[in-house]
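Me: I am new to this structure and would love a close look at one part of it. Could you walk me through the nonpolar core and the strands that build it?

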Amino acid sequence: MKSITLALVATLATATAALAHSKAEDTTPANEATVETVEVIELRFDDPMRVTAISLIGPDGEMEITRETGLDPVTEFRAIPLEAMPAGAYSVDWRGLSADGHPMQGAFAFTVSD
């Protein structure tokens, strides 16, 4: 009986935690995609997320991007690269606060072809 109770508590705690936090559902460019150009970096979430930091790392190091989305919680975040992106591998790292205030982070990668 004791082990069943512990298993039930663990299951409920995991399910509650999983339901409470916003999650990234989609990105532009898509994770692991190969694209010819990148005009915008987008993150789409299932619930509002306050993106507090975002960085774009390219083949020559960190690149500047301009946030189109402020610090308000949103389900769609947009940023624009300030310069043309040469061919190579890129990664986007982001951090934020989910609707329940839980700190979240994520990353995705893509390749720009010639």
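Reply: Happy to help; here is a walk from the whole chain into its core and back out to one residue.

This is a predicted model, where local features need pLDDT of at least 70 and side-chain atom pairs count only at pLDDT 80 or more, while totals for chains, interfaces and linings use all residues. Residues are numbered from 1 along each chain as its sequence is written, and side-chain values use heavy atoms, with hydrogens and water left out.

Let us begin with the overall layout. The chain has one helix and eight strands, in the order α-β-β-β-β-β-β-β-β from the N terminus. Here helices (H or I, at least four residues) and strands (E, at least two) are DSSP runs, numbered from the N terminus. Of its 114 residues, 32% count as buried, meaning under 20% relative accessible area with a 1.4 Å probe, protein chains only; exposed is over 50%, and partly exposed lies in between.

Now to the core. A nonpolar core is a set of buried Ala, Val, Leu, Ile, Met, Phe, Trp, Tyr and Cys residues joined through side-chain atoms within 4.5 Å. The largest one here holds 22 residues, and those with the most contacts inside it are Ile41, Ile54, Leu56, Phe77, Met85 and Phe110. At least two of its residues come from each of strand 2 (33–35), strand 3 (41–58), strand 6 (74–81), strand 7 (88–98) and strand 8 (103–112). Strand 3 gives the largest share, seven residues.

Leu56 makes a good example. Leaving aside residues up to four places away in sequence, Leu56 touches Gly61, Glu62, Met63, Ile65, Met85, Tyr90, Ser91, Val92 and Phe110, where a contact means heavy atoms within 4.5 Å.

How are these strands joined? Strand 3 and strand 7 pair in the antiparallel sense over eight bridges; two strands pair if DSSP finds at least two bridges between them. One of the bridges links Ala53 to Arg95 in strand 7. Strand 7 also pairs with strand 8, again antiparallel, over 10 bridges, and there Ser91 has Ala109 as its bridge partner. Four residues lie between the strands in this hairpin, where Gly101 takes a positive phi near 85°.

Finally, strand 3 also holds Arg44. The side chains of Arg44 and Glu42 are joined by a polar contact of 3.0 Å, a term for a pair of N or O atoms within 3.5 Å; within protein, one must be able to donate a hydrogen and the other to accept it, and residues adjacent in sequence count only if both atoms are side-chain atoms.
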